[in-house]
Amino acid sequence: MLVLDKHARPLQPCTPARARKLLTAGRAVVHRHTPFVIRLKDRTAQESEILGVEVGVDPGSKATGVAVFTTRAGARTGLLCIEVRHRGGLIRDKLTARAARRRGRRSRNLRHRQPRFSNRARPKGWLAPSLRHRVETTMSWVERLRRWAPITRLHVERVAFDTQLLQNPAIAGVQYQAGELAGYEVREYLLEKWKRRCAYCGATGIPLNIDHIRPKARGGSDRMVNLTLACVPCNQAKGSTLVEVFLTGRPVVLARILRQAKTPLRDAAAASSTRWALWRALTCTGLPVQVATGGRTKWNRHRTGAPKTHTLDALHVGALDAVTRWPNTTLVATSTGRGSYARTRSNRYGFPRLHLPRTKQVHGFATGDLVHAVVPTGAKRGTHTGRVAVRTTGSFNIRTTTGLIQGIHHRHIRLLQRADGWAYTRQPEGPSTHA
């Protein structure tokens with residue numbers, strides 16, 4: 001559990017059992033419900049021993065994993081795992097719809113803004129709004145955790161694959177390239193490039209071997225442009241045969257393999273742009289930032305026996321010796337936004353069709369608040385916890401982990417936390433084989 005002193009400064013996190021004792025004894029109060037943070041009433045940071053924690057970040061396109069952990073003698077112990085789910089797709093769709101409505105108004109010669117074509121140069125480092133959203137939401141959670149935990153170091157995946165290392169083995173030392181990690185970098189790169197299927201027969205869901213397009217016995221090299229993936233039967237059938245001879249009678253497959261071998265990994269630029277932008281933003285925090293590759297993360301997970309999840313990837317980012325424990329559950333934070341400045345809703349043509357109320361709160365509640373409802377009788381009897389959507393009638397809707405509960409009267413509802421632009425749920429983490 002995250003702990004603050006009486007001046008709301010971060011202290012060393014404690015166990016859930018310790019937090020319950022402090023709350024029961026009256027020495028602490030609940031500072032925040034989700035993520036759960038307590039604040040001590042009789043302790044300051046100067047009176048406490050603070051060893052510090054570290055944070056790992058695994059950037060993703062739809063979700064980013066964030067893990068808070070302690071490191072002792074090279075072994076990490078996970079304290080908190082958060083899966084940050086972005087809404088970049090929704091932002092892209094809204095921008096596309098807005099552009100389509102503008103074009104429609106212009107073509108129908110209605111009221112519209114004139115198109116702007118001049119002076120539209122994009123600044124250096126510009127990212128599309130859907131991509132910039134991933135960086136900003138991740139940084140938002142890093143800054144939040146800095147307010148609640150004594151973070152001393154950050155770890156982040158800056159690139160998915162160390163392509164310079166793959167092309168030049170001597171760039172980072174012979175021991176790094178000759179070790180077991182080098183195989184994970186190469187294999188992960190090829191799996192992404194060849195879509196996890198055999199290049200010769202197209203088989204998927206089976207073990208795949210790394211195959212030399214031009215066999216080494218015929219002068220082939222170990223460069224990425226000469227490597228592909230092949231199933232065991234195709235790999236054995238090809239052997240040291242030239243690919244032109246092996247694919248005699250299949251010119252379409254031969255042309256595709258030769259063309260795809262010279263083509264770089266698709267979408268690498270877009271993925272790398274957000275990772276590098278996030279790394280630059282993290283360095284501006286003033287904390288030490290350790291970078292790693294996706295191949296190293298996969299290698300770490302293989303050594304510790306951890307399953308593949310966003311949060312466990314964040315826990316395994318960078319150099320480590322072992323992982324002693326990770327949390328049983330993961331906090332899933334889905335970006336919902338804080339509403340909009342629009343006072344109307346538009347129809348299919350982009351014109352206003354209704355007006356929204358100016359009053360946001362109804363009976364002390366606002367849409368997006370985290371609430372807890374206890375309904376004693378009726379068809380909706382039970383306990384419901386989730387995000388509320390207010391109605392002027394006084395009967396609210398609550399979005400829980402199991403679905404939408406409609407028509408809950410406000411007198412049964414208790415506020416847990418004000419809306420902060422996020423929807424929170426919990427899901428079980430991968431089973432731990434440690435601790």
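# Briefing: pockets, sheets and a buried helix

Helix α2 gives the most to the lining of the largest pocket, supplying 8 residues. The model is a predicted one. Its protein chain holds 12 helices and 23 strands. Of the chain's 435 residues, 41% count as buried.

**Overall build**

- The C-alpha trace of the protein chain spans about 80 × 70 × 50 Å along its principal axes.
- Take the contacts in the protein chain between residues at least 6 apart in sequence: 62% of them join residues at least 24 apart.

**The largest pocket**

- The largest pocket encloses about 2000 Å³ of space.
- Its lining counts 49 residues, and R338, G339, S340, Y341 and R345 are the closest to the pocket centre.
- Five elements each supply at least two lining residues: helices α2 (88–107) and α3, and strands β14 (344–346), β19 (382–389) and β20 (395–399).
- By class, 17 residues of the pocket lining are nonpolar, 17 are polar and 15 are charged.

**The cavity**

- The count gives 1 cavity of 30 Å³ or more.
- The largest cavity has a volume of about 40 Å³.
- Its lining is made of G368, L370, R387, Q417, R418, A419, D420, W422 and Y424.
- By class, that lining has 4 nonpolar, 2 polar and 3 charged residues.
- Strands β18, β19 and β22 each include a residue of this lining: L370 falls in β18 (370–375), R387 in β19 (382–389), and Q417 in β22 (413–417).

**The four-stranded open sheet**

- Four strands form an open sheet in the order β2-β1-β4-β3, and the pairing is mixed.
- Strands β2 (10–11) and β3 (28–32) are the edges, each pairing on one side only.
- Strand β3 pairs with β4 (residues 37–40) in the antiparallel sense, over 4 bridges.
- Within that pairing, A28 stands opposite L40 of β4.
- Helix α3 (residues 129–148) lies across β1 (2–4), β2, β3 and β4. The helix runs at about 55 degrees to β1.
- Helix α3 also supplies at least two residues of the largest pocket's lining.

**Strands β18, β19 and β22**

- Strand β18 (residues 370–375) is mostly covered, with 5 of its 6 residues buried.
- Strands β18 and β19 run antiparallel and are joined by 6 bridges.
- V374 has T383 in β19 as its bridge partner.
- The two strands form a hairpin with 6 residues between them. In the turn, G378 has a positive phi of about 95 degrees.
- Strand β18 also pairs with β22 (residues 413–417), antiparallel, over 4 bridges. Here V371 stands opposite L415.

**The β20–β21 hairpin**

- Strand β20 pairs with β21 (residues 404–409) in the antiparallel sense over 4 bridges.
- I398 has I405 in β21 as its bridge partner.
- The hairpin has 4 residues between its strands, and G403 takes a positive phi near 150 degrees.
- Strand β20 is also one of the elements that supply at least two residues to the lining of the largest pocket.

**Helix α11**

- Why is helix α11 (residues 294–304) largely enclosed by the rest of the structure? It is so because 8 of its 11 residues are buried.
- The buried residues are G294, G295, R296, T297, W299, N300, R301 and T304.
- G305, just after α11, takes a positive phi of about 75 degrees.

**A contact across the sequence**

- Q260 is found in helix α9 (residues 251–262).
- Leaving aside neighbours within four places in sequence, Q260 is in contact with K193 and W194.
- Q260 and K193 are 67 residues apart in sequence, yet 8.5 Å apart in space, C-alpha to C-alpha.

Methods
Residues are numbered from 1 along each chain as its sequence is written. This is a predicted model: local features need pLDDT of at least 70, side-chain atom pairs count only at pLDDT 80 or more; totals for chains, interfaces and linings use all residues. Side-chain values use heavy atoms; hydrogens and water are left out. Two strands pair if DSSP finds at least two bridges between them. Contact means heavy atoms within 4.5 Å. Axes are lines fitted to C-alpha atoms, for helices over the stretch in contact, and angles run from 0 to 180 degrees between N-to-C directions. On a 1 Å grid over the protein atoms alone, a cavity is a set of points where a 1.4 Å probe fits but cannot get out, and a pocket is an open set with protein on both sides within 12 Å along at least five of seven lines; lining residues have an atom within 4 Å of a point. Grid points are joined across faces, edges and corners, and a volume is the space filled by probe spheres set on the points. Ala, Val, Leu, Ile, Met, Phe, Trp, Tyr, Cys and Pro count as nonpolar, Asp, Glu, Lys and Arg as charged, and the others, Gly among them, as polar. Buried means under 20% relative accessible area, exposed over 50%, partly exposed in between (1.4 Å probe, protein chains only).
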